[in-house]
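Let's take a walk through this protein together. Have a look at the sequence and the 3D picture first, and then we'll go through what turns up.

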Amino acid sequence: MSSVDEQKFPDRGFESPEYVEDDEYSDFVQTYESVLQRRVSRWEKYFSTLPPKKSARFKRFCRKGIPDHIRPTVWMHLSGAYERMEANPDAYQIAVSKVPPTNILNVILADVPRTFPENKHFQDPDGPNSKLESLKRVLSAFAVHFPKIGYCQGMNYIAAVLLLVLDCPPNEREVKAFWLLDALINHILPKYYSSDMLAVRVDCMVFNELLKQQFVYSTVYSMKGIKYSSVYVYHWSDYIIKI
């Protein structure tokens, strides 16, 4: 990561793409800096009281981008994670002290090392800033606290992003990641991460129907026996959730 990255943006641990030249990126950052400064000043004025008041203006602010230094706080309050965390102060510590069923734990242990292998925070388990152990703890605690869901493959990437974004001490980071994961999986996108993946399947069918209505070539593909695979739609939706 270049010095420009370190000065302007937090270090998330991902390497800059090879096709992005440092000079070009530096020029972009300098040009975009004024936009970021205006956005930060507006957010700080609007976000002076907690919890933030939801409105059309606030929604527009969110869609334009939440400044990095207040993003964790915004996520915690907007998702309802903060309220549930305050109402259950010991829930994470109790859950993380227990061990999930062996079959679930084995899947978690297999998925954790495969999570963002290109990210320096998820490479060396003995590294000074490694988040691999935190990821395992959060996923295991979630499986214990919410046994009806347990663990579904793909949850590791969601939890990993939360751990990367949350800028706080490790123990606090794990607790907040746990409750944000709960907010997303149990409240914002219920039935997405479940044994039958009902919501994902429904969304895939809706997506296929929309394609049939909007695009003529979808009918041609169907006549040829080519169907839109739910696998592709799932990966698209999973990626959208991560960002």
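Before counting anything, it helps to know what gets counted: helices here are DSSP runs of H or I with at least four residues, strands are runs of E with at least two, and the numbering starts from the N terminus. Keep in mind that this is a predicted model.

**The overall picture**

So how many helices and strands does the protein chain have? The tally is 13 helices and zero strands. If you read along the sequence, the pattern is simply α-α-α-α-α-α-α-α-α-α-α-α-α. The protein chain has 243 residues, and buried ones make up 40% of them.

**Salt bridges**

Next up are the charged partners. The count of salt bridges comes to seven. Here are some of them, with the N to O distance for each pair.

| Salt bridge | N to O distance |
|---|---|
| Arg71 and Asp68 | 3.4 Å |
| Arg84 and Asp182 | 3.3 Å |
| Asp111 and Arg114 | 2.6 Å |

Let's start with Asp111 and Arg114, whose side chains meet at 2.6 Å. Is Asp111 buried or exposed? Asp111 counts as buried because its relative accessibility is 5%, and the cut-off for buried is under 20%. Its partner Arg114 has 48% relative accessibility, so Arg114 counts as partly exposed. Elsewhere, salt bridges with shared partners tie Arg12, Asp68 and Arg71 into one network.

Two members of that network also appear in the table, as the pair Arg71 and Asp68. Arg71 is partly exposed, with 22% relative accessible area. Asp68 is partly exposed too, at 28%.

Now for Arg84 and Asp182, whose side chains meet at 3.3 Å. This pair links distant parts of the chain: Arg84 sits in helix α5 and Asp182 in helix α10 (residues 170-188), 98 residues apart. Asp182 is buried, since its relative accessible area is 2%. Arg84, at 22%, counts as partly exposed.

**Patches on the surface**

Which residues form the nonpolar patch on the surface? They are Leu198, Val202, Met205, Val206 and Leu210, and together they have about 420 Å² of accessible area. You can find Leu198 in helix α11, which covers residues 198-214. With a relative accessible area of 38%, Leu198 is partly exposed.

There is a negative surface patch as well, made by Glu21, Asp22, Asp23, Glu24 and Asp27. Glu21 lies in the loop between α1 (3-8) and α2 (22-46). This residue is partly exposed, because its relative accessible area is 47%.

**A glycine in a loop**

Where is Gly80? Look in the loop between α4 (71-79) and α5 (81-87). Gly80 has 16% relative accessibility, so it counts as buried. Try finding Pro51 as well: Gly80 and Pro51 are 29 residues apart along the chain, and their C-alpha atoms are separated by 9.9 Å.

**Cysteines**

Last stop: the cysteines. A disulfide is a covalent bond between the sulfur atoms of two cysteines. How many disulfides are counted in this model? The answer is zero. As for how covered the cysteines are, Cys168 is buried, with a relative accessible area of 13%. Cys62, on the other hand, is partly exposed at 24%.

Conventions: Residues are numbered from 1 along each chain as its sequence is written. This is a predicted model: local features need pLDDT of at least 70, side-chain atom pairs count only at pLDDT 80 or more; totals for chains, interfaces and linings use all residues. Side-chain values use heavy atoms; hydrogens and water are left out. A disulfide is a pair of cysteine sulfur atoms within 2.5 Å. Buried means under 20% relative accessible area, exposed over 50%, partly exposed in between (1.4 Å probe, protein chains only). Patches are made of residues with over 30% relative accessible area and no salt bridge: like charges are joined within 9 Å, nonpolar side chains (Val, Leu, Ile, Met, Phe, Trp, Tyr) within 5 Å. Accessible areas come from the Shrake-Rupley method with a 1.4 Å probe; for residues, only the protein chains shown count as cover. A salt bridge is a side-chain nitrogen of Lys or Arg within 4 Å of a carboxyl oxygen of Asp or Glu. Lys and Arg count as positive and Asp and Glu as negative; His and the chain ends are not counted. The place of a charge is taken as NZ of Lys, CZ of Arg, CG of Asp or CD of Glu.
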